[in-house]
Amino acid sequence: MKDYDVCVIGSGAGGGPVALELARAGFNVVVLEKGPWFREEDFYKDELACCRRSVYTPNLKDEQHVIENYDGKNAKGQYKWATEATGESGWDFWNGNCVGGSSNFMSGFFYRLKPKDFSLLSEFGPIKGANVVDWPIRYDELEPYYTKVERQVGVSGAVIEHPFAEPRSSKDFPYPPTHEHPISKLVDKTCREMHLHSLRTPRAILSQPEANRRGCEYSGFCGSYGCSSGAKGSSRAALLDKAVATGRCHIKPHAKVNRLISDQKGKVIAAEYVDANNQQQKIDAKIFVVACQAIETARLLLLSTGPRHPNGLANRYQQVGRNLLFSAGGSGYGDFPFDKFGSELKARGPFVNRGLQDWYFINDKNLGKAKGGTIDFLLRHPNAIGRANNLKWDDKDKLIWGSDLKQKLRNEFTLAQSLRFEVFNDWLPTDDCFVSLDKTVKDKWHIPVSKIRIGYHDHDLVIGEYLTDKAKAVLRQMGAENVRGSVSGSPPPNLVAGGCRFGKDPKTSVLDKDCRAHGVDNLFVTDGSFMPTGGSVPYTWTIYANAFRVADVIRRQL
Amino acid sequence: MNREPDRPREHPDNILTKWEASITPELAGKLATLDERRSFLANMLKSTAMVGTLPFWGALQGCDRQSDNQELLQLHPWRTFAAVQQQLFPDDGNGPSAREINATLYLKFVLEAPDTDKDDKTFVLSGIKWLNGLSDEQFGKPFIVLTPIEQHQVLKKIAGSRAGERWLSHLLLYIMEALLTDPAYGGNPDGIGWQWLEHQPGFPRPSKDKRYTELL
């Protein structure tokens, strides 16, 4: 007799759908979550807690990563890599370690992938130095689950027809758009003038109450903050609370899984974890589902050696950790002085909710036919301390203080609204972006930490520049002042996927098309690790949808 | 003031050079992180390790947590911190000064917080020693009794060294926090900083017993 039917490791967007669906189907589920269990009443709009202290993420002295960053080329023209532990650099790769994971802290910009995203190799051909492949499933197989997420997680929005709109099985979103900021009308007007299709960004934010969740209360502090109304579609608020209510889902917070134990036949038989009292514990189950976010999922599989898995679980062909993805792109701003555009732009609370996908696929005289991406518009992040602290440096990087600093603060904060844009384009999978185990640095439980090589493909920057120029042109057309933007190959740690790509061939992939590990029938991976290519949108909706899809597979297998 | 009377006077640059030399590469990296000069940094480093022997730890411990701003400002080293902070964020008729945002009380909160990095704490506190050393070399008096113009000159001198710039930058970081943090943390009383910069805070806001230190 097993302890549970299903053991889910990780409680974010990859774990929540599996826990809910299988508990609803009558199976006994346990969710092991490394972090604590915060509820709505624990979340405040407190910049120190959210963003300036390690409250929802581990202390980097206890748990860190080792980063291998590009460091030029040697005399032979080969790439060099500089290694630095994040405990030294402070570059934090954690995104939210608590029940619900980083979905608690997302902005909830929800875009689906498009049919061509499932077959980039066939559509656009190979790119030298990139490991682009087609997916083993088609958009049509995932579409019903995108629709399911709209209802189960709660997605608000309004369908706008445009040339690259993906097919939908439902007419429109189940929740109307959230309230919108006055500047959104100016975005729409400008886009009409430029013959662009201004989209209403779908959001995983309830515009109306649903069951025990309240509708959005428009505090103006959403991304990076835990949601105190329950409107944000975190795995915790939208799925796990309902899973627990079935009476068949048991969530264990403060349970850090260090290893999956496998038997002589290669099957996973137990999860070994450390509990809140630092005691070693074991849980057995019929099926194990790993969803620790891409980097930690790869790490756990690599750590889980066994008699049939000498190099780690599902790693017979050394594929675990490879082809890690972030999101490529850039960002920028334009300023809208209140004396020119009116004080109504001071409003805080409503969302801008505007995006452009007119260049999701590019046909350009210089670039030819290429995969492009998404541009999103949003207000500058409302956090004030970080913004103020940056103002203490002058243009020559010298410290300023006294009355000069005070006047600079006053001008920056009170004279204009800043509209920000973010560009999302594919982070091409390459041999220079992967997860392995560090040989020397260990976490506080004496377990090797992940080492992450974060190389990017130059093509990512080319596309990022192209889209950034388009976004800047829109801001200029709007009349913005001081329009600026930049593109970087530096990875955003909160937009991460890949590392255990799914595919048909065990020699080039870790998971089969159902996200079951090749050669380990009772092991599934349901976070963003499965993605062989990332698409040019934030990943969360796709992760949710795929996890619902895999939950159906597991239900049939049990 | 710890200088021995019979020791030859040091040139101010030597003091700054020694201060610089006292900062290990590891500490320098940490301080840069804390200050967010690197664009990718988002989170503060922290440590559960508690402070061992610190130059001014006795005075810090002697200060009652409940003491109000006025009492605190009479104590060493807080009087000196307050004087430096008032130079960095003066009462110039343009918004609140360091005193009005409770910058010193807030600094004390930061240095006593359980997650504040031990090295960070040591660095901030020991800066007073270097400041007074330089003040003594330049004017023969501790910083606190200098005229405002003299104080400004000392700070300018300090800012010319990497170690000194780091220290001032660090104090400015905590002034910005005192200016714009939730009043539950002791700074920004009644939202005075928010009002000045027309910053609309979010809601719900933390009460004093729901500060982040309670979640650690």
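**Strands, helices and salt bridges, step by step**

Reader: Which residue stands opposite A271(A) in β9(A)?
Author: In this predicted model, the place to look is strand β8 (residues 268-274) of chain A, which pairs with β9(A) in the antiparallel sense over four bridges. Strands here are DSSP runs of E with at least two residues, helices are runs of H or I with at least four, and both are numbered from the N terminus; two strands pair if DSSP finds at least two bridges between them. In β9(A), the residue facing A271(A) is I283(A).

Reader: Good start! What kind of model is this?
Author: Residues count from 1 along each chain as its sequence is written, chains are lettered from A and ligands numbered from 1 in the order in which they are written, and side-chain values use heavy atoms, with hydrogens and water left out. Local features need pLDDT of at least 70, side-chain atom pairs count only at pLDDT 80 or more, and totals for chains, interfaces and linings use all residues, for this is a predicted model.

Reader: Which strands stand at the edges of the sheet β7-β8-β9 in chain A?
Author: This open sheet has three strands with antiparallel pairing. An edge strand here has a single partner strand, so one side of it is left without a neighbour in the sheet. That description fits β7 (256-262) and β9 (280-283) of chain A.

Reader: By how many degrees are neighbouring strands of that sheet turned against each other on average?
Author: Angles come from axes, which are lines fitted to C-alpha atoms (for helices over the stretch in contact), and they run from 0 to 180 degrees between N-to-C directions. With direction ignored, the average turn between neighbouring strands of the β7-β8-β9 sheet is 25 degrees.

Reader: What is the strand order of the open sheet of five strands in chain A?
Author: Let's build it up from its pairs. β1(A) pairs with β2 (residues 29-32) in the parallel sense over four bridges, and β2(A) pairs in the parallel sense with β6(A), also over four bridges. The edges are β6 (249-252) and β23 (523-525), each pairing on one side only. Reading across the sheet, the order is β6-β2-β1-β10-β23.

Reader: Which residue is the bridge partner of V29(A) in β6(A)?
Author: V29(A) belongs to β2(A), where it stands opposite V6(A). Towards β6(A), the bridge partner of V29(A) is C249(A).

Reader: Which residues of β2(A) are buried on the side away from V29(A) and V31(A)?
Author: In a regular strand the side chains alternate between the two faces of the sheet. Both faces of β2(A) are covered, and buried means under 20% relative accessible area, with exposed over 50% and partly exposed in between (1.4 Å probe, protein chains only). V29(A) and V31(A) are buried on one side, and on the other side the buried residues are V30(A) and L32(A).

Reader: Is the crossover from β1(A) through α1(A) to β2(A) right-handed or left-handed?
Author: Helix α1 (residues 16-24) lies across β1, β2, β6 and β10 of chain A, running at about 165 degrees to β2(A). With the strands pointing away from the viewer, a clockwise path from the first strand over the helix to the second counts as right-handed. This β-α-β crossover is right-handed.

Reader: How many residues apart in sequence are the parts that K286(A) and D5(A) tie together?
Author: Their side chains form a salt bridge (3.1 Å, N to O), meaning a side-chain nitrogen of Lys or Arg within 4 Å of a carboxyl oxygen of Asp or Glu. K286(A) is partly exposed at 44% relative accessibility, whereas D5(A) is buried at 12%. K286(A) lies in β10 (residues 285-290) and D5(A) in β1 (residues 4-9), so the parts they tie together are apart in sequence by 281 residues.

Reader: Which residue of chain B forms a salt bridge with K61(A)?
Author: K61(A) lies in the loop between α2 (47-52) and β3 (66-73) of chain A, and its partner in the loop between α6 (103-112) and α7 (118-139) of chain B, so the pair joins two chains. K61(A) is partly exposed at 44%, while the partner is buried, with a relative accessible area of 1%. The closest N and O atoms are 3.1 Å apart, and the partner is D117(B).

Conventions. Contact = heavy atoms within 4.5 Å.
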